[in-house]
Protein chains: 2
Amino acid sequence: MHSLRPLETASAHDRVYRGLRTRIMHGQIAPGQALTLRGLGKEFGVSMTPAREAAQRLVAEGALQMSISGRLSTPELSNERIEELAALRALIEVELASRALPRAHMQLIERMQNINNGIADVVSNRDAVGYIRTNLEFHRTLYLRAQAPAMLAMCETVWLQLGPTMRMLYGRLRRTEAPQYHRLILAALQSGDEPGLRLAVRSDVTQGLRMLAS
Amino acid sequence: MHSLRPLETASAHDRVYRGLRTRIMHGQIAPGQALTLRGLGKEFGVSMTPAREAAQRLVAEGALQMSISGRLSTPELSNERIEELAALRALIEVELASRALPRAHMQLIERMQNINNGIADVVSNRDAVGYIRTNLEFHRTLYLRAQAPAMLAMCETVWLQLGPTMRMLYGRLRRTEAPQYHRLILAALQSGDEPGLRLAVRSDVTQGLRMLAS
DNA sequence: CATACGCGTATGTGATCACAAAAATCGAAA
DNA sequence: TTTCGATTTTTGTGATCACATACGCGTATG
């Protein structure tokens with residue numbers, strides 16, 4: 001029943017918004033990177049007006065910050081802010097996973113396993129952006145089953161705010177395999193173990209935080 | 001260290017945004033109410049451009065919805081959506097209250113008591129908007145102590161989405177006194193009872209939902 | 001060599017306009 | 001009276017422009 005607008009008729013500001021949002025969420029833009037409206041407009045082939053709307057929207061979602069003079073940049077998050085956002089991820093994603101559990105059939109689990117196997121590839125290539133994208137896809141695949149669009153939207157907003165920082169974090173990471181907690185998540189899904197699932201998701205989400213302390 | 005911009009130099013779109021946002025959050029606009037950019041512009045004394053930016057931003061936050069043709073209106077929430085938003089309120093506000101508890105000294109509790117006493121007045125006047133505003137002020141006063149701006153922002157976004165619906169809900173309510181759970185919240189704060197506080201906040205936040213079932 | 005000043009350029013803001021599409025209005029026919 | 005269709009009006013979109021201001025760089029001065 002969703003009325004999806006055809007891509008070729010999507011408004012200009014939506015194209016800019018989606019393009020920028022994806023880049024930010026996947027960590028393709030470093031923290032503190034400056035952006036200009038004319039630059040965005042030229043890049044996406046539109047005038048300043050749609051670029052401004054897209055930027056304003058991303059500022060409202062915390063994906064960009066705007067100085068008092070109106071200059072745009074990706075935010076450099078303080079450690080306190082990162083802790084807060086990780087706590088929000090834990091709260092919301094545990095709830096989403098819990099709601100998805102009763103509907104998580106074998107087909108879904110297999111799809112998640114496939115995605116998780118793909119993480120090994122991007123990890124071996126030292127591809128930080130690919131790692132973030134695949135990791136988020138793993139989580140989103142599960143959460144979509146929760147049938148909770150408002151919660152998922154909030155969750156993605158948090159991902160968005162963490163995007164530039166995640167790149168920095170995962171860039172430091174010397175990882176050789178997919179996250180260990182992903183296997184725990186999959187195991188808990190298969191056995192229908194709700195407490196185990198909640199713990200596994202919480203651990204997976206907050207593990208990145210521990211790298212900050214070191 | 002916050003660099004607050006003086007109000008008299010606030011940008012036009014910020015004035016429109018704040019004005020509209022307050023109205024929506026406090027339930028001054030009924031669900032399904034239509035809005036036009038030119039109308040908003042005229043009302044706030046600005047051209048269409050700032051009105052559009054403010055509207056886009058509120059759409060991004062879920063406070064307004066936009067039809068495929070670009071028409072603006074306050075959303076009419078389904079029961080499932082309301083349940084979801086109430087669950088989000090419960091998740092986030094319980095966490096905020098828990099974080100505020102160690103910092104909630106007597107002065108803060110007294111301030112909250114004063115606000116809560118004010119609820120009796122607006123209730124006796126059958127003032128739905130005043131009730132919502134005062135109720136939210138009660139909660140925000142506590143949550144500000146949590147020192148968690150990202151969480152508070154998410155929380156307020158949920159309030160915003162529920163604004164038009166809250167008016168409808170509380171409009172039906174035949175209430176003669178302040179919410180019972182507010183007293184429990186205050187008692188738990190005074191005694192430093194964290195489990196009791198979490199339960200009281202969760203109950204207060206989800207109580208409105210029960211009116212839907214009836 | 002460091003710092004402060006000043007000028008030129010880059011940048012965001014808000015108003016206005018032309019255009020297309022949707023909604024509303026009015027009239028005619030069944 | 002109702003319903004369908006054409007026309008008029010309303011509305012959102014995106015481009016462009018003038019303007020004010022902030023930034024950056026070069027120069028001069030201590």
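1. Helices in this note are DSSP runs of H or I that span at least four residues, and they are numbered from the N terminus. With that in mind, Arg198(A) and Glu194(A) both belong to helix H9 of chain A, where they stand four residues apart, or about one turn of the helix. The model is a predicted one, and the points below should be read accordingly.

2. The side chains of this H9 pair, Arg198(A) and Glu194(A), meet in a salt bridge with an N to O distance of 3.2 Å. Arg198(A) counts as partly exposed at 29% relative accessibility, and Glu194(A) is likewise partly exposed, with a relative accessible area of 31%. Elsewhere in chain A, salt bridges that share partners link Asp14(A), Arg18(A), Arg57(A) and Glu61(A) into one network. Within that group, the salt bridge between Arg57(A) and Glu61(A) has its closest N and O atoms 3.8 Å apart; a salt bridge requires the nitrogen to lie within 4 Å of the carboxyl oxygen. Both Arg57(A) and Glu61(A) are buried.

3. Over all chains, 22 salt bridges are found in the whole structure. One of them pairs Glu53(B) with Arg52(A), with the closest N and O atoms 2.7 Å apart. Because Glu53(B) sits in helix H3 (residues 48-60) of chain B and Arg52(A) in helix H3 (residues 48-60) of chain A, this pair joins two chains. What is the relative accessible area of each partner? For Glu53(B) it is 6%, so this residue is buried, whereas Arg52(A), at 28%, counts as partly exposed.

4. How are the two chains related? A turn of 180° with a shift of 0.0 Å along the axis lays chain B on chain A with an RMSD of 0.0 Å, and the two copies are therefore related as by a two-fold rotation axis. Among the residues of chain B, Arg57(B) comes closest to the rotation axis, its C-alpha lying at 2.7 Å. Since 100% of the interface residues of chain B are also interface residues in chain A, the copies meet through the same surface.

5. The second largest pocket holds about 250 Å³ of space. Its lining consists of 16 residues, of which Leu91(A), Arg202(A), Leu91(B), Glu95(B) and Arg198(B) are the closest to its centre. Helices of both chains take part: helix H4 (79-100) and helix H9 (194-213) of chain A, and helix H4 (79-100) and helix H9 (194-213) of chain B, each supply at least two residues of the lining. The largest share, six residues, comes from H4(A). By residue class, the lining of this pocket divides into eight nonpolar, one polar and seven charged residues.

6. A last point concerns backbone geometry. Most residues other than glycine have a negative phi. Gln147(A), although it is not a glycine, has a positive phi of about 55°, and phi of Gln147(B) is likewise positive, near 55°. Where do these residues lie? Gln147(A) is in the loop between helix H6 (128-144) and helix H7 (149-172) of chain A, while Gln147(B) is in the loop between helix H6 (128-143) and helix H7 (149-172) of chain B. Gln147(A) is exposed, with a relative accessible area of 56%, and Gln147(B), at 56% relative accessibility, also counts as exposed.

Technical notes
Residues numbered from 1 in each chain as written. Chains lettered and ligands numbered in written order. Predicted model: local features only at pLDDT ≥ 70, side-chain atom pairs only at ≥ 80, totals over all residues. Heavy atoms only, no water. 1 Å grid on protein atoms, 1.4 Å probe; cavity = no way out; pocket = protein on both sides within 12 Å on 5 of 7 lines; lining within 4 Å. Points joined across faces, edges and corners; volume = space filled by probe spheres on them. Nonpolar A, V, L, I, M, F, W, Y, C, P; charged D, E, K, R; others polar. Least-squares fit on C-alpha atoms with pLDDT ≥ 70 in both. Contact = heavy atoms within 4.5 Å. Buried < 20%, exposed > 50% of the residue type's maximum accessible area, 1.4 Å probe, protein only.
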